[in-house]
Amino acid sequence: MNNHNIPASVWKVNVDVLKGFLVFTVACTCVGVVYMQWTYIWMLRAEMAEITQRFRPLDTAGHEGGMCCDAAVCYGVSCYHRFPERRKHEGGRDKRDVTEQGKRRKRRHTEQHTFLHLVPVSSQSYNDHDTTVLSWALGQSRGEGLQVSGDTVTVEAQGTYFIYSQVLYKDTTWVMGHVITKKLKGAETKLMKCLKSMPSNVSQPLNTCYTAGIHFLESGSSLQLSVPRKSAELILTAHATFMGLFSI
């Protein structure tokens, strides 16, 4: 069939039908989109209602206790912006907490670093034990964990201590030295020894012996420094002969 023979009126009817079909198709598509959006909004509303119902008890308890415990908090969102005066109060409390923590750390630092530095007062020779024992006076100290009385240092607070000592000898014996002994419940333990050869071919031999070490000291234990020579010749000056210990 030849298209050139179709009357113009028939072409006009076909075009009108096509336009009507396109309008109907667009209208149906719009209605479908609107329906899908309305369905999605309805589902979101249902979920929000369920969440609100689920967390309503927490919200009620939070407001009764003066706290912010709504759904935003439960999902990790801070509500401090809703209460600026509370934020200011909490900031002040945080500063006080930091200050208190600093004070506690400072107290612990002071308590843990008890120390004692002793200077010589006199020496006592014991012929039956062939020893010379030094008596001490307090040079410097901090804390109440260590006490000195005469030739004995008593440990009040047990712990690990760094112990040091030095003695200046002017004895003619070829070897001199000293021992630090710990006494606890009748038992004696030699903690440290120091030996030094004395110079020869001099009229007044002089030499120092220094020793140090780390030891655990029990509460109630005592320390004593002695020279294993009777009538040992020592120089008892604070800068040359001394003893000390501090907690670590």
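**View 1. Pairing of strand β5 with strand β10 in the predicted model.** L168 of β5 has I235 as its bridge partner in β10. Strand β10 covers residues 234-235. Two bridges join this strand to β5, and the pair runs antiparallel.

**View 2. Pairing of strand β5 with strand β11.** Strand β11 spans residues 242-247 and is antiparallel to β5. Six bridges connect these two strands. One residue pair to look for is S165 and M243, where M243 is the β11 partner of S165.

**View 3. Pairing of strand β5 with strand β8.** Strand β8 is made up of residues 207-217. Eleven bridges link β8 to β5, and these strands also run antiparallel. Within β8, A212 is the bridge partner of Y164.

**View 4. Cover of strand β5.** Strand β5 comprises residues 159-169. Of its eleven residues, nine are buried, which leaves the strand mostly covered. In a regular strand, side chains alternate between the two faces of the sheet. For the protein chain as a whole, 27% of the 248 residues count as buried.

**View 5. The largest pocket and the residues closest to its centre.** The volume of this pocket is about 290 Å³. It is lined by 13 residues, and those closest to the centre are T131, T181, E188, Q224 and S226. By type, the lining consists of four nonpolar, five polar and four charged residues.

**View 6. Strands that contribute to the lining of the largest pocket.** Four strands each supply at least two lining residues: β2 (131-142), β6 (175-184), β7 (187-197) and β9 (222-227). The largest share comes from β6, with three residues.

**View 7. The protein chain as the setting for the close-ups.** The chain contains three helices and eleven strands. Along the sequence, their pattern is α-α-α-β-β-β-β-β-β-β-β-β-β-β. Among the contacts with a separation of 6 or more, 64% are between residues 24 or more positions apart. The accessible surface of the chain is about 16,900 Å². Carbon and sulfur atoms account for 58% of that surface.

Terms used: Residues numbered from 1 in each chain as written. Predicted model: local features only at pLDDT ≥ 70, side-chain atom pairs only at ≥ 80, totals over all residues. Heavy atoms only, no water. Buried < 20%, exposed > 50% of the residue type's maximum accessible area, 1.4 Å probe, protein only. Pairing = 2+ DSSP bridges. 1 Å grid on protein atoms, 1.4 Å probe; cavity = no way out; pocket = protein on both sides within 12 Å on 5 of 7 lines; lining within 4 Å. Points joined across faces, edges and corners; volume = space filled by probe spheres on them. Nonpolar A, V, L, I, M, F, W, Y, C, P; charged D, E, K, R; others polar. Contact = heavy atoms within 4.5 Å. Areas by Shrake-Rupley, 256 points an atom, 1.4 Å probe, with all protein chains shown as cover.
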